[in-house]
Amino acid sequence: MITLISSDKRKFHVLEEVANQSLTIRDVIEDRRGRRRADRIILVTNINSKIPEKVIVYWLRHFLMPEEIAHASMSHKKAEKLKKWEAKFFDTDIDTLNDLILAADSLDIPSLFDGACEKVSDILKNRSAEEVGEISKIENEFTHEEEEEEIPSENAWVWRNEFA
Amino acid sequence: MSKVDVEKAHPESPSEESERDWAELHPDLLMVIFRKVGMRDVLLHASKVCSSWRSTARDDPILWRRIDTLTGIQDFPDMSKLRGEERKAAEASYTRTVTEMTKIAADWGGNCVEQLLIGEYCEDDLLDYVAERARNLKSLSVIDRNIFRNIESMANALGRLNKLEELRIVRCKIPLGTIMKVIGLACPQLKRLKFIFPNFSGKSITQEGISTRLGIPNTMFQLQYLQLVFTRTTTDELMKILERCPNLEMLDLRSSTVEVKNDDIRIRSSKIHTLILPDDMLSQARDQYDDYYGDIYKINPLII
């Protein structure tokens, strides 16, 4: 069992086998193998406090079928189920997705990283700059030169629904 | 990208109220997302969200390694349903935006652009513009019949692309024979060459009489793959082409008019390991339609 401590000092106890899905944590555990018990405490301070929970939920779901994922031998039914589960898992607000991406990146969890990026790109697709700005709460602060830069605007497009 | 700082981190360190700032998302991570989003949405929308997103899109030329003017095509009006003025207006507007977008992508990508797919509806000067900037282009697919309007513009653009390895042309106003000559002169380094000249829309081919036949290219030592789908040629001309392409490994003559036997070709080009003769696919011609076009409407994933 190892212990993860988040930035707000919450503790999360996780089976080593489960946490191993993070390549970063796996390396750390490997480095400290055979040392004191205190060394099985890992601080993940650069990760928002809600995120470890989500990450661990993700780990547990995937931990149940690691062999099958690795060998792509999952049955169709199971694969569908996992897909549904992941869709639900990633169906969250864009801030959480942002944190998940950062966490998956720093903890090195490739599948979580890909999934979160995919979801964000889905959100960005077919949304105007204003909509994206609103969702992500990014302020539009362009310099004068950037404002001048000519990028074609959506007005130039003829959309399907105008002719439907 | 930062790793968790396990050693330095200290449990007593004050827990900061985490400010989630999308504008500050690491450019590398943003790139991953942008790549998934695709050219159209990045250019039209994401690059306009904020300054740092703009600079990720603009200053990371790798993002534009593959430019595909067909991305997002499903969001455009179905031109075939429109008539008259309405269709003209739709086409003009579509053409302008696609051209502008591709030009910006070429500006931002510069020498990192390696693949370019020019779909239908592009302005004539687009290829010239890209060729001027993307000197490392390796693969070019052209579906718009107006892109190669005349021989000079074609020779001009192709001549500048001296890293080009793959060229795929679907439909063209210039007779095939002339194209072959131009390519032989302008791109002797070409490895893969594919023509698809469907007879139902390639009127220029049938009208041009004798000059439509395949010309004889210069020797193309590098050419390994040659596909002449739907093209008209004679056995003599084909044999001459084979002579000039000594290292051919794959020859695809699907649905072309040439009468040729397996043995004739094998004798001439001993290195060929894959040979598709004109009749090979005829019986399943309808099913093969997708096959003719399927790969041309997307960027070749094999070329990296």
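Colleague: Which backbone oxygen does the side chain of Thr56(B) reach?

Modeller: That of Ser52(B), at 3.0 Å. Bear in mind that this is a predicted model.

Colleague: What makes that a polar contact?

Modeller: The cut-off for a pair of N or O atoms is 3.5 Å, and the side chain of Thr56(B) comes to 3.0 Å from the oxygen of Ser52(B).

Colleague: Is Thr56(B) buried or exposed, and how do you know?

Modeller: Buried means under 20% relative accessible area. Thr56(B) has 6%, so buried is the word for it. Thr56(B) sits in helix 3 of chain B, residues 51-59. Setting aside neighbours within four places in sequence, its contacts are Pro27(B), Leu30(B), Met31(B), Phe34(B) and Leu63(B).

Colleague: Which other residues of helix 3 of chain B are buried, and what covers them?

Modeller: Besides Thr56(B), the buried ones are Ser51(B), Trp53(B), Arg54(B) and Ala57(B). The cover comes from both chains: it includes helix 7 (110-124), helix 8 (129-136) and helix 9 (144-148) of chain A, along with helix 1 (27-37), helix 2 (39-44) and helix 4 of chain B.

Colleague: Trp53(B) caught my eye. Where does Trp53(B) stand in the largest nonpolar core?

Modeller: Trp53(B) is one of the residues with the most contacts inside that core, together with Ile183(B) and Ile265(B). The core has 116 residues. Take Ile265(B): leaving out residues up to four places away in sequence, Ile265(B) touches Leu238(B), Met239(B), Leu242(B), Leu251(B), Leu253(B), Val260(B), Ile272(B), Leu275(B) and Leu277(B). Another core, of seven residues, lies apart from the largest one, and among its members are Leu70(B), Leu117(B), Ile143(B) and Val229(B).

Colleague: Why would nonpolar side chains gather like that?

Modeller: In soluble globular proteins, nonpolar side chains tend to be buried together.

Colleague: Why are helix 4 and helix 5 of chain B called roughly parallel?

Modeller: Angles under 35 degrees count as roughly parallel. The axes of helix 4 (residues 84-109) and helix 5 (residues 126-133) of chain B cross at roughly 5 degrees and come within 9 Å, so roughly parallel is what they are. On the helix 4 side, the contact is made by Thr99(B), Thr102(B), Lys103(B), Ala106(B) and Asp107(B). Helix 5 of chain B brings Leu126(B), Tyr129(B), Val130(B) and Arg133(B).

Colleague: Over to chain A. How do you know that the length of helix 6 of chain A agrees with what it should span?

Modeller: Helix 6 of chain A has 14 residues, 94-107, and at 1.5 Å a residue these should span 20 Å. The C-alpha atoms at its ends are 19 Å apart, which agrees.

Colleague: And what makes helix 6 of chain A largely enclosed?

Modeller: The count of buried residues: 13 of the 14 are buried, so the rest of the structure largely encloses this helix.

Colleague: What is notable about phi in Asp108(A)?

Modeller: Phi of Asp108(A) is positive, near 60 degrees, in a residue other than glycine. Most residues other than glycine have a negative phi. Asp108(A) follows helix 6 of chain A and belongs to the loop between helix 6 and helix 7 of that chain.

Colleague: Why is Asp108(A) called partly exposed?

Modeller: Partly exposed runs between the 20% and 50% cut-offs, and Asp108(A) has 27%, so that label applies.

Colleague: Which residues does Ser22(A) contact?

Modeller: Beyond its neighbours within four places in sequence, Ser22(A) contacts Trp59(A), Leu107(A), Asp108(A) and Ile109(A). Ser22(A) lies in the loop between helix 1 (16-19) and helix 2 of chain A. With 0% relative accessibility, Ser22(A) counts as buried.

Colleague: What about Val28(A), buried or exposed?

Modeller: Buried: Val28(A) has 12% relative accessibility, against a cut-off of 20%. Val28(A) is in helix 2 of chain A, residues 23-31.

Colleague: How many helices and strands does each chain have?

Modeller: Chain B has 11 helices and eight strands, while chain A has 10 helices and three strands. Of the 304 residues in chain B, 53% are buried. For the 164 residues of chain A, the buried share is 46%.

Definitions and conventions: Residues are numbered from 1 along each chain as its sequence is written. Chains are lettered from A and ligands numbered from 1 in the order in which they are written. This is a predicted model: local features need pLDDT of at least 70, side-chain atom pairs count only at pLDDT 80 or more; totals for chains, interfaces and linings use all residues. Side-chain values use heavy atoms; hydrogens and water are left out. Helices (H or I, at least four residues) and strands (E, at least two) are DSSP runs, numbered from the N terminus. Buried means under 20% relative accessible area, exposed over 50%, partly exposed in between (1.4 Å probe, protein chains only). A polar contact is a pair of N or O atoms within 3.5 Å; within protein, one must be able to donate a hydrogen and the other to accept it, and residues adjacent in sequence count only if both atoms are side-chain atoms. Contact means heavy atoms within 4.5 Å. The expected span of a helix is 1.5 Å times one less than its number of residues. A nonpolar core is a set of buried Ala, Val, Leu, Ile, Met, Phe, Trp, Tyr and Cys residues joined through side-chain atoms within 4.5 Å. Axes are lines fitted to C-alpha atoms, for helices over the stretch in contact, and angles run from 0 to 180 degrees between N-to-C directions. Angles under 35 degrees count as roughly parallel, over 145 as roughly antiparallel, 65 to 115 as roughly perpendicular and the rest as oblique.
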